[in-house]
Amino acid sequence: MFPDLSGYKKNTDYQVFSPDNLRDFIDGAAETYLAYGFVDLHVAEYKKGKNVIKIEIYRHSDHTLAFGIYSTERSPSFNFLNLGSQGYSAEGAINFFKGNFYIKIKTYPKNEKTLQSAESLAHTVAGMLEGSTDMPSALSIFPPDSIKKNEEMYINESVLGHKFLNRAFRANYESGPDIFSVFIFNCKSPEEAWESANTFLVSAGIDALESSSGKYVIADGYNGTVFLAWKDNRIVAISGLSKDQADVADQYTSEILK
């Protein structure tokens with residue numbers, strides 16, 4: 001139930017989009033949304049003279065996947081807002097996520113007055129939608145030192161370009177001249193963690209000893225040097241560092257896997 005917006009005429013005569021017909025609405029971007037557990041999409045439009053505000057409410061299968069799709073379209077350069085779990089405004093648009101929902105609001109024309117009305121609508125909708133306003137708890141596992149703020153992501157499929165690596169949180173770091181990425185996989189069991197790590201090692205021509213923990217340096221065809229470590233049900237992969245920077249990688253993996 002879309003709320004009213006003072007001074008605007010509301011139009012809710014849009015069909016509800018499902019995984020079967022999402023391509024009819026966003027075409028080329030649909031595959032990305034489907035990869036993040038898209039469930040359905042509700043759309044409404046508000047008009048006041050020449051001013052138009054369009055709102056799209058995407059529902060995903062869980063909170064992590066809603067953050068995941070939101071994170072793919074977020075940039076650290078945007079103007080961040082205290083909205084839902086997190087939101088931002090950029091170039092006449094307001095996007096945010098809360099619970100299982102990812103909300104996108106667009107304004108035409110992109111003027112300040114229309115954007116203020118859009119922000120008012122965004123806060124009303126955020127208050128109406130159910131779900132947690134917390135960020136995914138897994139983000140708190142990343143060491144805070146040198147992290148690049150608002151660049152964290154959740155990648156549901158093909159992490160590091162490999163089809164056998166799925167469901168990882170990623171954070172980017174900048175320490176002196178070094179820029180690198182840390183990936184955290186929270187697996188369902190130690191056995192699943194070992195199987196995933198072993199598949200990665202085998203793809204690089206390395207045979208691992210079956211163990212609930214391990215540390216390796218991989219020469220990966222897609223990403224160059226990758227530091228891989230695991231303990232119990234958690235895997236950490238680090239890319240962007242050179243082979244002789246094992247001490248830096250070990251600093252981060254040890255803190256995450258402690």
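Student: Which elements each supply at least two residues of the lining of the largest pocket?

Tutor: This is a predicted model, where local features need pLDDT of at least 70 and side-chain atom pairs count only at pLDDT 80 or more, while totals for chains, interfaces and linings use all residues. Residues are numbered from 1 along each chain as its sequence is written, and side-chain values use heavy atoms, leaving out hydrogens and water. A pocket is an open set of points on a 1 Å grid over the protein atoms alone where a 1.4 Å probe fits, with protein on both sides within 12 Å along at least five of seven lines, and lining residues have an atom within 4 Å of a point. Among DSSP runs numbered from the N terminus (helices are H or I, at least four residues; strands are E, at least two), the elements asked for are β2 (38-48), β3 (51-60) and α4 (112-128).

Student: How many residues of each class are in the lining of the largest pocket?

Tutor: The lining includes M1, F2 and P3, as well as D40, H42 and R59. Ala, Val, Leu, Ile, Met, Phe, Trp, Tyr, Cys and Pro count as nonpolar, Asp, Glu, Lys and Arg as charged, and the others, Gly among them, as polar. By class, the count is eight nonpolar, one polar and two charged.

Student: What is the volume of the second largest pocket?

Tutor: A volume is the space filled by probe spheres set on the grid points, which are joined across faces, edges and corners. For the largest pocket this gives about 240 Å³. For the second largest pocket it gives about 180 Å³.

Student: Which element gives the most to the lining of the second largest pocket?

Tutor: This pocket has 13 lining residues, and A90, E91, G92, A93 and K106 lie nearest its centre. Two or more lining residues come from each of β5, β6 and β7 (101-108). With four residues, the element that gives the most is β7.

Student: Which residue takes a positive phi in the hairpin of β5 and β6?

Tutor: Two strands pair if DSSP finds at least two bridges between them. Strand β6 (residues 93-98) and β5 are antiparallel and share five bridges, with A93 standing opposite A90. Two residues separate the strands of this hairpin, and the one with a positive phi near 50° is E91.

Student: Which residue of β5 is the bridge partner of F80?

Tutor: On its other pairing, β5 runs antiparallel to strand β4 (residues 79-81), with three bridges. Four residues lie between β4 and β5 in their hairpin, where G84 in the turn has a positive phi of about 60°. The β5 partner of F80 is Y88.

Student: Which residues of β5 lie on the side opposite Q86, Y88 and A90?

Tutor: In a regular strand, side chains alternate between the two faces of the sheet. All five residues of β5 (residues 86-90) are buried, meaning under 20% relative accessible area with a 1.4 Å probe, protein chains only. Both faces are therefore covered, and the residues on the other side are G87 and S89.

Student: How many residues are in the largest nonpolar core?

Tutor: A nonpolar core is a set of buried Ala, Val, Leu, Ile, Met, Phe, Trp, Tyr and Cys residues joined through side-chain atoms within 4.5 Å. Apart from the largest lies another core of 22 residues, including Y46 and V125. L22, F185, L228 and I238 touch the most other members in the largest core, whose residues number 59.

How values were computed:
Buried means under 20% relative accessible area, exposed over 50%, partly exposed in between (1.4 Å probe, protein chains only).
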